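Subject: Structure handover

Hello,

Here is the structure we spoke about. My notes follow it.

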Amino acid sequence: MEAAWAAERAGRSIVHLEVGEPDFPTPVPVVEAATKAIADGRVRYTSSLGIPELREAISGYYAERFGIDVPARRVVVTTGASGALLLALAATVDRDDAVLLADPGYPCNRNLIRLCEGVPVGLPVGADTDYQLTAGLVADRWSERTRGVVLASPSNPTGTLVAPKELAAIATEVDQRGGVCFVDEIYGELVYDREPATVLASPGLLDDGTPFVINSFSKTFAMTGWRLGWMVCPDWALPAVQALAQNAFISPPAPAQYGGVAAFTPEVWAVVEERRRAFAARRDVLVQGLQASGFGVPVLPQGAFYVYARSDGLDADSMRLARRLLDEAGVAAVPGCDFGDHEPEAHLRFSYTTALDQITEGVRRLTAWRPSA
Ligand SMILES: Cc1ncc(COP(=O)(O)O)c(C=O)c1O
């Protein structure tokens, strides 16, 4: 991204397929509610677990959208999904505890586990399992030092999902082994050709001892800079999470929380739905364009706004390829080394977080570009 900005400052035209956040604005009702909160002086620390109205609104989201009863007591409002991941891991992972995660995967998780003095154990995943963990992989790699498993469905960087049955099987497997599952559903509302789902709707997974379910306003509601997220926390972990939240953050940002209450309204859901359709159309154009340009997309990404494309048909070194695409074609993408150790040199992540005409132009540039020998 830095290199793409530098090229732009030097006067070059760059198509941005590297950005990991929605290009849409925050829905108006959210902006208005937050602005009013600021004008009314509701800008002080709040309860460390979040304002009651927002915790109730999030509980209502699960009831309305998925027909499940998630008590507001178990909803913890956080400083983004990042804050939720940090609190959940810090409340559970002790020194030398191993935590399993998919490789490739969201890079911050590895670092947060290390911050808790745990040991991240990346399990290589590929197209055969939709770039996701399976209950079998988890069982194979479980050891007496394993504390838990982090999953993201849809995933960053692959945009692929864990099928609901498999997700429930993993959660059950982990539970039976006395471990903890951390399920990141930050892209859960941005899914295509299917309806949104939550692991909490799987039979038996709402009881105590269930996964930590992490979510955020960042991607669904285009609120990355507001720093607002949440998690559904098992009852047994609430005291530790509350103590950690008080110490690490005091509270999530107050204006953002008042804005967040206005997100769960039919008006805003209509905006989200429109955007979901726009993302699906962009995905189709990008995937077809990448395939026509010599990239491999063995699994159609079903969510988020990423395509994790095989790039070794064009260049065996994805870092070099990213540089060349930027310099020679004016297209910015992210090299696989940002996401783990499993074949990073053979992959690039492309995002469809820019307008359709930009994506079409990016595809035109990629198709016209041919690697020089
Ligand atoms: C899978 C995943 N989890 C969590 C986050 C962090 O999001 P937030 O802005 O809510 O902290 C991101 C951000 O890109 C992500 O891709």
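Helices and strands here are DSSP runs, numbered from the N terminus, with at least four residues for a helix and at least two for a strand. The model is predicted.

Backbone points

Asp 96 sits in the loop between α4 and β3. Although Asp 96 is not a glycine, its phi is positive, at about 70°. Its relative accessible area is 40%, so Asp 96 is partly exposed. A second non-glycine residue with a positive phi is Ala 222, at about 50°. Ala 222 belongs to the loop between β7 and β8, and with a relative accessible area of 10% it is buried.

Which peptide bonds are cis? One joins Asp 103 and Pro 104, with omega about 10°. Pro 104 is in the loop between β3 (98–103) and α5 (107–115). Another runs from Asn 156 to Pro 157, with omega near 25°. Pro 157 is placed in the loop between β5 (146–152) and α7 (164–176). Please look at both by eye.

Domains

The domain assignment splits the chain into domain 1 (2–25 + 267–368) and domain 2 (30–264). Taken over C-alpha atoms, the centres of domain 1 and domain 2 are 26 Å apart. At the interface, 32 residues of domain 1 are in contact with 39 residues of domain 2. The two domains bury about 2900 Å² between them, and 60% of that is on carbon and sulfur atoms. On the domain 1 side, the residues that lose the most area to domain 2 are Trp 269, Arg 276 and Gln 302, which together make up 26% of what that side buries.

Largest pocket

Where does the largest pocket lie with respect to domain 1 and domain 2? Both domains give residues to its lining, so the largest pocket lies between them. It holds about 450 Å³ of space. The lining counts 27 residues, and those nearest the centre of the pocket are Gly 20, Tyr 106, Asn 156, Tyr 187 and Lys 219. Asn 156 is also the residue that precedes Pro 157 at the cis bond given above. Helix α4 (residues 80–92) gives the most to this lining, with four residues. By class, the lining of the largest pocket is made up of 13 nonpolar, seven polar and seven charged residues.

Cavities

How many cavities of 30 Å³ or more does the structure hold? There are three. The largest cavity has about 50 Å³ of space. Its lining consists of Ser 48, Val 77, Thr 78, Thr 79, Leu 87, Ala 245, Phe 249, Ile 250, Ser 251 and Pro 252. Two elements, β2 (75–78) and α8 (238–249), each supply at least two residues of that lining. In the lining of the largest cavity, six residues are nonpolar, four are polar and none is charged.

Three buried residues

The contacts listed below leave aside residues up to four places away in sequence.

- Thr 220: this residue is in the loop between β7 (212–216) and β8 (229–232). At 7% relative accessibility, under the 20% cut-off, Thr 220 counts as buried. Its contacts are Ile 186, Glu 189, Trp 269 and Val 272. Trp 269 is one of the domain 1 residues named above for the area lost to domain 2. Thr 220 and Glu 2 are 218 residues apart in sequence, and their C-alpha atoms are 25 Å apart in space.

- Thr 354: the place of this residue is the loop between β12 (347–351) and α12 (356–368). Thr 354 is buried, and its relative accessible area is 13%. It touches His 16, Leu 17, Asp 23, Arg 282 and Ile 359.

- Ser 59: this one is in helix α3 (residues 52–66). Is Ser 59 buried or exposed? With a relative accessible area of 12%, Ser 59 is buried. Its contacts are Val 70, Pro 71, Ala 72 and Val 75.

Regards

Notes. Residues numbered from 1 in each chain as written. Predicted model: local features only at pLDDT ≥ 70, side-chain atom pairs only at ≥ 80, totals over all residues. Heavy atoms only, no water. Buried < 20%, exposed > 50% of the residue type's maximum accessible area, 1.4 Å probe, protein only. Contact = heavy atoms within 4.5 Å. 1 Å grid on protein atoms, 1.4 Å probe; cavity = no way out; pocket = protein on both sides within 12 Å on 5 of 7 lines; lining within 4 Å. Points joined across faces, edges and corners; volume = space filled by probe spheres on them. Nonpolar A, V, L, I, M, F, W, Y, C, P; charged D, E, K, R; others polar. Domains from an automatic or database assignment. Buried area = accessible area lost by both parts, 1.4 Å probe.
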